[in-house]
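Please look at the sequence and the model below before reading on. The text walks through one loop, the sheet, the core and a side-chain pair.

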Amino acid sequence: MPVFAVTYHYGPDTDTRMEHRPAHRRWQAELNEAGTILASGPLDNDPQPGGLLILSAADRAEVESHLAADPYASLGVIESTDIREWTPVFGPFAQG
């Protein structure tokens with residue numbers, strides 16, 4: 001199944017983002033347990049705060065559907081999202 005790298009670029013409303021981080025993390029945990037999120041975590045704040053998610057999905061539309069269910073999506077704390085299909089050659093996500 002294809003692998004996608006998703007980069008979130010967060011906006012300036014850190015207070016709202018931090019308030020809702022537990023719900024965001026529960027959403028991630030559920031997708032991780034289902035085998036959809038392979039890895040995720042925050043990026044440093046330079047040049048702006050963000051997050052990286054590595055997902056396994058049939059196609060980009062499936063990734064977009066999952067992202068729409070992220071509690072952060074409805075709060076407006078994500079300024080922009082980059083979705084790119086990724087072909088891991090080495091490491092735990094490489095597909096022989």
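Pro 47 counts as exposed in this predicted model, with a relative accessibility of 77%. The exposed class begins over 50%, so 77% places Pro 47 in that class. Pro 47 sits in the loop that joins β2 (37–43) to β3 (50–56). Val 63 is 16 residues away from Pro 47 in sequence, and their C-alpha atoms lie 25 Å apart in space.

The two strands flanking that loop belong to an open sheet of four strands. Its order is β2-β3-β1-β4, and the pairing is antiparallel. β2 and β4 are the edge strands, each pairing on one side only. On average, neighbouring strands in this sheet are turned by 15 degrees against each other, with direction ignored. In general, the strands of a sheet pair through backbone hydrogen bonds, in either a parallel or an antiparallel arrangement. Here β1 and β3 are joined by seven bridges in the antiparallel sense. His 9 stands opposite Gly 50, a residue of β3.

A helix packs on this sheet: α2 lies across β1, β2 and β3. The angle between α2 and β2 is about 155 degrees.

Next comes the nonpolar interior. The largest nonpolar core holds 16 residues, and those touching the most other members are Val 6, Tyr 8, Trp 27, Leu 53, Val 63 and Leu 67. At least two residues of this core come from each of β1 (3–10), α2 (21–33), β3, α3 and β4 (78–86). β1 supplies the largest share, four residues.

Which residues does Val 63 contact, apart from its neighbours within four places in sequence? They are Phe 4, Val 6, Ala 57 and Ile 83. Val 6 is thus named twice, as a contact of Val 63 and among the core residues that touch the most other members.

The last feature involves charged side chains. How many salt bridges does a search of the whole structure find? The search finds one. It links Glu 64 with Arg 60, and the closest N and O atoms are 3.1 Å apart. The cut-off for a salt bridge is 4 Å, so a separation of 3.1 Å satisfies it. Where do Glu 64 and Arg 60 lie relative to each other in helix α3? They are four residues apart in α3 (residues 60–68), which means that about one helical turn separates them. Glu 64 is partly exposed, at a relative accessible area of 38%. Arg 60 is also partly exposed, at 41%.

Definitions and conventions. Residues numbered from 1 in each chain as written. Predicted model: local features only at pLDDT ≥ 70, side-chain atom pairs only at ≥ 80, totals over all residues. Heavy atoms only, no water. Salt bridge = Lys/Arg side-chain N within 4 Å of Asp/Glu carboxyl O. Buried < 20%, exposed > 50% of the residue type's maximum accessible area, 1.4 Å probe, protein only. Core = buried A, V, L, I, M, F, W, Y, C linked by side-chain atoms within 4.5 Å. Contact = heavy atoms within 4.5 Å. Pairing = 2+ DSSP bridges. Axes fitted to C-alpha atoms, helices over the stretch in contact; angles between N-to-C directions.
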